[in-house]
Amino acid sequence: MVAGSCNSGNDAALNDPVLDEGKQLAQQHCVSCHLVPSPELLDKATWVRHVLPAMAPNLGLEVYPGGQYYSGTKAAISFNDWQKLIAYYETLAPATLKSVENTEPVVNDWAIFALEKPTRDTTQMAMTTLVTMDTIGHQLYSSDALRSDLTRWDKNLRPTPFKQLASAAVDATFFRDAKGKEQGLFTCLGTMRAADISKGKLITLDVTRKKITDSTTLATDLPRPLQSVSADFNKDGLTDWAVCGFGHLKGGLYWLKQQPDHQFTKLPIKEVAGASQATVGDFNADGWPDLMVLFAHADEGIWLFLNDQKGGFRERNVLRFPSVYGSTSFQLVDFNKDGRLDILYTCGDNSDFSKILKPYHGVYIYLNEGDFRYKQTYFYPINGCTKAIASDFDQDGDLDIATIAFFADFQRNAAEGCLYFEQQKPLQFRPHALPVSTYGRWICMDVNDVDQDGDADVVLGNFSKTFIIQEGLKPTWDTHLPLIVLKNKTR
């Protein structure tokens, strides 16, 4: 399924030969890297001053200060043709993007939640990259970009330093080893910088201990990995891992194949930048584990990798999005109770070349129509939406949604930084703006039963500094509080 392709652009391009040629040139040259974006997706200034200059080097053009271009002998496009391509986008793009009005009024309240927060430590700046609930040992963990550490929190949200890391952790999985002992596998990013620096690691820790210094390294030299998921992909009785290496200009989805000596061999599944999130499942019901993966850089979309039972995967695209969407998360859940897994999807990354508020950012639901076909049936606009997690929070038998937005419109609508969508009728939701915008700027979220009372709680992680895209914006949120917990009061 394709969203926002160039074919939906303004047909006025067909009435002007120069613009029509510019459109054809865009389709010819842009498609080699990603879905061709429609001019209407960004405003004129963003196209001309930021996005097109950033794309020009990919076609072999040199960009000089002041926006001058030079097309050398090795360029894939001539200077004159490049000017026609620019004219296409500049002419047909709007002066400004129109905002989308929400049809469902927002309720400003705590809904079914109550706030719990740790004591502020004003000596520490909060740059949280991970909040995660250990569902086996029932412990809460966080990691921080400044300190590259792992912290454990008790039930009263008192912190204990747990492990110093080489770089911040961004993902965690908890499991029992062959001896039945609980372990935690932590994916460490390597660097926050948008650069091709492959210093990411996968490490396992014995999380049954109070504090540890030792760790086991499963893999090194990974390109800014964001998530790792486990499965026995080749059915040899040994647990393997699939790693999403987001990278920068280079990256990929990798299979860490466990050998009989318990060492791991890294095998590429798809080597392109932007691998962000993966889910394991037997999607074609053949008894072998497959992968569904979100790619969120350049050629954005969700791809299915079907296990070929021979040590490889067959690739199939199921959803594809324009390169300016900034895909951020997805979850497979059955919204309409038909036995098929639907897709909950968010987009809102706004840290690249088009740092403007976008009306298509938000949370989407795509219903599964069978044969790996998905139809959009719900959209709610949220500026800079970062993550959505569905769960039956109020325990009324249907799925609700919690969302966070790291690039929310903090100047005009900071409350959209954290929303709770209460499903009242099939695919009809009442949005609640939870009043937590003064406590942090939320970049990560986990949903689990923190207090073990039988309902789903929400943990939010505060990345309080940097990545400011709105001119003149100064933090109106707490810069010292690393996390908060929204305790569910349903039970």
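Here are legends for four close-up views of this predicted model.

**View 1. How confident the prediction is along the chain.** Mean pLDDT comes out at 94 for the protein, with 97% of its residues at 70 or more. The stretch to treat with care is residues 4–9, where pLDDT drops below 50. Even so, in the model that stretch makes 17 contacts beyond near neighbours in sequence.

**View 2. The three domains of the protein.** Domain 1 covers 13–92, and domain 3 covers 165–320. Domain 2 is written as two segments, 110–162 and 352–490. Measuring tape out for one pair: the C-alpha centres of domain 1 and domain 2 sit 37 Å apart. Where these two touch, domain 1 puts in 8 residues and domain 2 puts in 5 residues.

**View 3. A closer look at where domain 1 meets domain 2.** Interface size is often quoted as the accessible area lost when the parts come together. Here, domain 1 and domain 2 bury about 500 Å² between them, and 76% of that is on carbon and sulfur atoms. On the domain 1 side, the residues touching domain 2 split into 5 nonpolar, 2 polar and 1 charged. If you go hunting for salt bridges between domain 1 and domain 2, the count is 0. For polar contacts across the interface, there is 1 residue pair, with both partners at pLDDT 80 or more.

**View 4. The salt bridge between Arg120 and Asp478.** Searching the whole structure turns up 14 salt bridges, and one of them pairs Arg120 with Asp478. Their closest N and O atoms are 2.5 Å apart. Arg120 is in the loop between strand S4 (113–116) and strand S5 (128–134), while Asp478 is in the loop between strand S30 (457–462) and strand S31 (483–488), so the pair ties together parts that are 358 residues apart in sequence.

Technical notes
Residues are numbered from 1 along each chain as its sequence is written. This is a predicted model: local features need pLDDT of at least 70, side-chain atom pairs count only at pLDDT 80 or more; totals for chains, interfaces and linings use all residues. Side-chain values use heavy atoms; hydrogens and water are left out. pLDDT is the predictor's confidence in each residue, from 0 to 100. Contact means heavy atoms within 4.5 Å. Domain bounds come from an automatic or database domain assignment. Buried area is the accessible area (1.4 Å probe) that two parts lose on being put together, summed over both. A salt bridge is a side-chain nitrogen of Lys or Arg within 4 Å of a carboxyl oxygen of Asp or Glu. A polar contact is a pair of N or O atoms within 3.5 Å; within protein, one must be able to donate a hydrogen and the other to accept it, and residues adjacent in sequence count only if both atoms are side-chain atoms. Ala, Val, Leu, Ile, Met, Phe, Trp, Tyr, Cys and Pro count as nonpolar, Asp, Glu, Lys and Arg as charged, and the others, Gly among them, as polar. Helices (H or I, at least four residues) and strands (E, at least two) are DSSP runs, numbered from the N terminus.
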